[in-house]
Amino acid sequence: MSSARKLLVGGGLALALWGMAYGFYYAAFVEHQTLDRIGSSLASGFTFAAQRNLPEAHAALEASARATYVYVRQVDAHGHWIGLSMLLIVLAACFNRLGFGEKQRWYLALSLLVGAITFPLGVLFETASGGGDPKIIVIAGSALIILALLGVAVGFICGETENSREG
Amino acid sequence: MTGQHDISPGSFSASKPDASASFARLSARRLFVIGGIGLILAGMIFGDIFAVFVLHQNAARINERLLAATQAVEAHNAAAVATAFQGIGNFLENRGTKVDAHVHMIGFGYLALLLALVQPFVFWSERAQKRLAWAFLLGAVLLPVGVFLIHYVGLAGSPFTVLGWASIFADFGGVLVLLATAGELWGLCRYWRRGEVGRIADPSSRDGMLSDRSWASRALLVGGTLLVLAGFVHGAYYAGIHLYANEAKDQSLLSAIVTTAASGRPVEVAKALNDYAQLQGDKAVNIAAHAHIIEFGILAMLMALFQPYVDLSERWRRIWAEMFLAGSAILPVCVLLEMRWGLVAGGIADAGGGLVVIALGGMLAGIVRYTGRIDAADGFDAANGTMR
């Protein structure tokens with residue numbers, strides 16, 4: 001097995017495990033509580049409004065929006081880690097069909113793996129209130145994946161065209 | 001098939017250098033392939049039924065309850081607000097658990113197909129490989145079924161305050177899948193450790209499944225990659241241009257709803273409610289289009305690799321591949337158009353999903369036919385379930 005394929009299979013399976021472990025922890029210990037918080041804050045917002053207490057109503061709606069912001073990103077990180085891990089493994093199986101040399105394949109594999117790790121990590125960092133702008137990590141990670149995928153698409157088209165000519 | 005680790009890994013046999021070598025009766029690869037496609041088909045059919053009979057009706061009911069909540073705000077009736085939100089919570093749980101069941105069933109199906117691909121590299125005995133495959137498939141069925149039942153079982157008889165029995169079984173299914181996948185990764189690490197010291201050869205060089213170059217395989221591979229790329233570009237565009245704006249709009253519309261309802265301005269309430277429903281619809285169609293185009297792309301690439309197992313004429317393999325790719329493009333595009341064209345686009349999107357299901361069913365039929373052929377060639381005695 002070439003080093004590029006090893007990187008994709010090993011990285012993909014490790015990422016799938018990590019994504020599933022994170023999803024399991026999240027579903028068992030965080031999700032239900034978060035959904036309860038979102039729902040109860042939203043209901044409180046309307047209840048306060050019915051009692052004509054608008055400042056409290058807006059505060060409750062803000063709390064609900066904050067909880068939703070975090071929830072969406074936590075679920076996105078889980079979904080994207082697993083989705084990208086599957087993409088890495090399936091690409092590993094057909095990476096020998098790329099019309100590129102081994103070195104280019106290795107760089108493409110590395111770009112895909114780094115993007116697959118950092119993009120959802122950046123999404124998760126967006127929920128933390130620390131310094132820095134996690135959006136930069138998200139943009140860099142997703143750009144890396146898109147460019148690498150573009151390379152893979154071109155590689156497949158070149159490889160398959162060569163193959164059909166030979167065939 | 002040898003269970004010893006000094007000659008060849010897993011189910012791969014050096015004496016059969018074609019695709020059938022690693023597809024023996026009840027081998028781990030066959031379990032993963034048939035189980036995986038079965039899970040994907042079941043998940044897609046469930047998703048189509050859910051989209052046609054539950055999704056839109058559910059969204060309408062949620063909007064009705066939200067309207068009831070705003071009317072309760074106008075009437076200073078806090079108790080009616082609570083009742084309306086109980087209803088909304090109930091409908092959201094109903095929708096959320098069904099979406100989760102659909103997504104996880106299909107996701108596990110993909111993972112099963114991926115694990116089928118790497119079976120020749122998983123360095124365990126045939127028996128251990130089969131056990132891992134069965135554990136994976138059991139968990140892959142338990143989790144979505146458990147998630148589906150959460151809405152109906154609730155907390156009945158549960159020893160926990162938040163988790164019901166359905167959630168517990170779903171989580172147990174998740175753990176089974178997790179452990180089975182960890183076992184597969186461990187097997188791969190064992191293969192690499194031994195392969196590097198030159199004791200075993202690279203099975204991919206002899207795996208007929210990975211060297212197929214038929215028209216259907218090439219079309220699915222290139223088409224799948226382009227679909228995944230289109231999905232990523234759409235996702236990046238949506239996240240960059242609309243995601244944050246939509247989140248801000250979501251909150252400002254909710255604030256406008258409660259403020260105008262509390263001040264008794266029904267016309268403005270109705271407009272804010274309408275805008276809010278439109279925004280939810282816009283978010284839902286964008287997320288659904290993004291998810292479906294990428295999933296179909298990955299599935300097309302997977303099915304490209306499984307073409308050697310599709311025992312049909314070249315013409316039929318071509319028809320299924322074309323139908324699969326057509327449906328994979330039609331569904332997400334029409335889902336995106338639902339906000340403009342309404343139910344017409346929704347109907348075409350469902351038809352696109354139907355094309356994918358039919359094409360996948362056709363390919364599965366070819367794979368099942370293939371298993372019958374190699375079992376017969378191997379001399380499997382169907383009458384008493386043994387090899388002759």
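**Cores, domains and contacts in a two-chain model**

Student: Starting with A:Leu8, which residues does it touch, leaving out those up to four places away in sequence?

Tutor: In this predicted model, A:Leu8 touches A:Leu88, A:Ile89, A:Leu91, A:Ala92, A:Phe95, A:Ala109, A:Leu112 and A:Leu113, once residues up to four places away in sequence are set aside.

Student: And which residues have the most contacts inside the largest nonpolar core?

Tutor: Those are A:Leu8, A:Leu88, A:Ile89 and B:Ala112, in a core of 125 residues. Helix 6 of chain B gives the most to this core, namely 14 residues.

Student: Where does that core lie relative to the domains of chain B?

Tutor: It lies between domain 1 (18-200) and domain 2 (213-376) of chain B, because both of them give residues to it. Apart from it there is another core, of 30 residues, which includes A:Leu42, A:Phe46, A:Leu61 and B:Leu254.

Student: OK, switching to the chain contact: how many residues does it take from each chain?

Tutor: The contact takes 52 residues from chain A and 57 from chain B. On the side of chain B that touches chain A, the elements giving two or more residues are helix 1 (28-74), helix 2 (78-118), helix 4 (165-196), helix 5 (215-262) and helix 6 (266-305) of chain B.

Student: Which helix gives the most there?

Tutor: Helix 5 of chain B does, with 19 residues, and by class that side of chain B as a whole, where it touches chain A, has 39 nonpolar, 11 polar and 7 charged residues.

Student: Back to the two domains of chain B, how far apart are their C-alpha centres?

Tutor: The C-alpha centres of domain 1 and domain 2 of chain B are 19 Å apart, and the contact between these domains takes 25 residues from domain 1 of chain B and 28 residues from domain 2 of chain B. On the domain 1 side, helix 1 of chain B gives the most, with 17 residues, and the side of domain 1 that touches domain 2 divides into 18 nonpolar, 3 polar and 4 charged residues.

Student: Last one: how do the axes of helix 5 and helix 7 of chain B cross?

Tutor: The axes of helix 5 and helix 7 (residues 314-341) of chain B cross at roughly 10° and come within 9 Å, and that angle makes helix 5 of chain B roughly parallel to helix 7 of chain B. Among the residues making the contact are B:Trp215 and B:Leu227 of helix 5 of chain B, and B:Arg317 and B:Phe324 of helix 7 of chain B. By class, the residues of this contact between helix 5 and helix 7 of chain B are 8 nonpolar, 2 polar and 2 charged.

Methods: Residues are numbered from 1 along each chain as its sequence is written. Chains are lettered from A and ligands numbered from 1 in the order in which they are written. This is a predicted model: local features need pLDDT of at least 70, side-chain atom pairs count only at pLDDT 80 or more; totals for chains, interfaces and linings use all residues. Two residues are in contact if their C-beta atoms, placed from the backbone, lie within 7 Å. Helices (H or I, at least four residues) and strands (E, at least two) are DSSP runs, numbered from the N terminus. Ala, Val, Leu, Ile, Met, Phe, Trp, Tyr, Cys and Pro count as nonpolar, Asp, Glu, Lys and Arg as charged, and the others, Gly among them, as polar. Domain bounds come from an automatic or database domain assignment. A nonpolar core is a set of buried Ala, Val, Leu, Ile, Met, Phe, Trp, Tyr and Cys residues joined through C-beta atoms within 7 Å. A residue is buried if 20 or more other C-beta atoms lie within 10 Å of its own, exposed if 12 or fewer, and partly exposed in between; C-beta atoms are placed from the backbone. Axes are lines fitted to C-alpha atoms, for helices over the stretch in contact, and angles run from 0 to 180 degrees between N-to-C directions. Angles under 35 degrees count as roughly parallel, over 145 as roughly antiparallel, 65 to 115 as roughly perpendicular and the rest as oblique.
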